[in-house]
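Q: Please take a close look at one part of this model, and describe how that part fits with the rest.

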Amino acid sequence: MSANRIKHKVNHVSLVVDNSGSMRQHEAQLVRVVDEFVKGLQEESDRLGHETRISLYSFDHEVQNLVWDMDVKHLPSLRGLYRVANGATALIEAAVKSIDDLKNIWEGYGEHSFLQVVVTDGEENASGCSESGQMHTRMGGSRGAAVLGKWLGRIQGAMDDLPDHWTSAILVPNSLAKRTAQEYGFPAGNIAIWDADSTQGVEEAIGTVKSAATSFLRGREQGVRGTKNLFAMGQDLNTADVKANLDALDTGKYILIPVDEQTPIREFVTSAGHAYKTGCAFYELSKREKIQGSKQLAVAEKDPATGRTTGRVFSGPAARRLLGLPVAEAIVKPGDNPSYTVFVQSTSVNRKLVPGTKLLVLL
């Protein structure tokens with residue numbers, strides 16, 4: 001009879017970052033925020049008792065591995081490793097190489113999951129350059145199209161063949177790039193748009209990745225090994241964690257009001273007969289939103305039979321951590337959770353409320 005053996009959870013995270021010339025304005029900032037991202041993985045892995053290993057890649061017209069499947073606790077700073085070059089963007093080749101490399105990891109023992117996140121500020125134009133020495137966009141029409149077609153086939157095949165315990169995601173600069181990423185095979189729920197032109201863009205992008213990675217690790221605790229809805233918030237929230245980490249609000253100190261028209265938040269609160277104080281109102285997270293690091297969060301129970309938000313409300317300092325939000329600003333969209341609705345504090349007087357949602361008002 002064989003001895004009992006602990007089947008520990010092992011997470012393999014691969015961060016694939018564009019270092020083409022257009023990323024130069026972000027170089028120093030990117031190093032700092034990736035270091036913060038790694039620190040977040042370290043802390044969450046320690047808290048959950050997981051083993052998390054990280055690989056880092058950079059790409060312009062060539063793809064380079066900077067760190068290979070290293071225990072996240074031992075990863076040095078990205079400083080000195082990541083440098084912006086003057087090259088083009090071999091986006092497809094970088095994504096394919098990361099997947100191909102990680103497929104070589106042996107999974108004989110332990111419960112393994114894989115998370116790949118690609119970050120780019122541009123469009124594909126150079127995959128295959130490492131073989132031919134020439135960008136496919138600068139080749140003759142049919143020859144360039146053939147090279148691009150080959151790489152499209154490779155990434156679509158790689159995505160189609162990913163097992164259920166693999167998650168592949170990407171951050172892109174605009175809606176056109178999002179549609180292109182979907183053509184490559186990235187699930188729509190694993191594609192996020194970041195502002196590649198603003199000074200805050202990199203912070204927000206890595207904040208989004210950090211939030212998603214945290215949710216990914218917590219999902220492992222619920223038995224989820226892969227997801228096609230990575231950039232959604234709150235989908236992995238469960239009753240045990242809510243009751244253990246958050247405070248139930250006194251039922252006489254808040255009210256949930258159905259929103260029936262697109263009205264500014266202060267006007268809506270006062271028209272419902274309540275005094276408006278800055279920060280007293282929490283809107284229901286119903287669409288993609290940018291949430292500042294200072295904003296408080298709350299969750300309300302849903303009626304399991306109807307799915308309507310009718311039950312107790314919970315909040316507290318641990319709400320951001322529980323929902324996988326970093327301390328910094330992050331862009332998120334709501335996840336589909338059968339038990340809870342997420343509410344976000346508003347400090348604006350003019351925020352337009354979304355009809356069909358509810359507003360939480362602290363009395």
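What follows is a question about one strand, and then a connected answer. Where does strand β4 (residues 111–119) lie in the chain's architecture, which strands run parallel to β4, and what is the aromatic pair of F114 and W166 like?

A: This is a predicted model, in which local features need pLDDT of at least 70 and side-chain atom pairs count only at pLDDT 80 or more, while totals for chains, interfaces and linings use all residues. Residues are numbered from 1 along each chain as its sequence is written, and side-chain values use heavy atoms, with hydrogens and water left out.

Strand β4 covers residues 111–119. Helices (H or I, at least four residues) and strands (E, at least two) are DSSP runs, numbered from the N terminus. Of the 9 residues of β4, 8 are buried, so the strand is largely enclosed by the rest of the structure. Buried means under 20% relative accessible area, exposed means over 50%, and partly exposed is in between (1.4 Å probe, protein chains only).

The pairing of β4 comes next; two strands pair if DSSP finds at least two bridges between them. Strands β1 and β4 run parallel and are joined by 9 bridges. Two residues of β1 show the register: V13 has L115 of β4 as its bridge partner, and V16 has V118 of β4. β4 also pairs with β5, again in the parallel sense, over 6 bridges. Here F114 of β4 has W166 of β5 as its bridge partner.

The side chains of F114 and W166 also form an aromatic pair, which is stacked, with 4.3 Å centre to centre and 10° between the planes. Rings of Phe, Tyr and Trp (its six-membered ring) pair if their centres lie within 6.5 Å; planes under 30 degrees apart count as stacked, over 60 as edge-to-face and the rest as tilted. The pair links distant parts of the chain, as F114 in β4 and W166 in β5 (residues 166–172) are 52 residues apart. F114 counts as buried because its relative accessible area is 0%, and W166 counts as buried because its value is 8%.

The structure holds 2 aromatic pairs. W106 and Y109 form an edge-to-face pair, with 5.1 Å centre to centre and 85° between the planes. Both W106 and Y109 are exposed, whereas F114 is buried.

On to β1, the partner of β4: 9 of its 10 residues are buried, and the strand is mostly covered. β1 pairs with β2 in the parallel sense over 9 bridges, and V17 of β1 has S58 of β2 as its bridge partner. β1 therefore has bridges to β2 and to β4, just as β4 has bridges to β1 and to β5; strands of a sheet pair through backbone hydrogen bonds, either parallel or antiparallel.

These strands also give residues to the largest nonpolar core, which has 38 residues; L15, L30 and F37 have the most contacts inside it. A nonpolar core is a set of buried Ala, Val, Leu, Ile, Met, Phe, Trp, Tyr and Cys residues joined through side-chain atoms within 4.5 Å. The elements that give two or more residues to this core are β1 (9–18), α1 (27–48), β2 (51–59), β4, β5 and α6. Leaving aside its neighbours within four places in sequence, L30 is in contact (heavy atoms within 4.5 Å) with V17, M23, Y82, V202 and I206. A second, separate core of 31 residues includes F268, A281, I291 and A330.

Helix α6 is one of the contributors to the largest core, and there is more to say about this helix. 3 strands form an open sheet in the order β7-β14-β11, with mixed pairing. Its edge strands are β7 (232–233) and β11 (289–291), and each pairs on one side only. Helix α6 (residues 201–221) packs on that sheet, touching β11 and β14, and its direction makes about 45° with that of β14. For that angle, axes are lines fitted to C-alpha atoms, for helices over the stretch in contact, and angles run from 0 to 180 degrees between N-to-C directions. β11 and β14 (residues 330–334) run antiparallel and are joined by 3 bridges; within them, E289 has V332 of β14 as its bridge partner.
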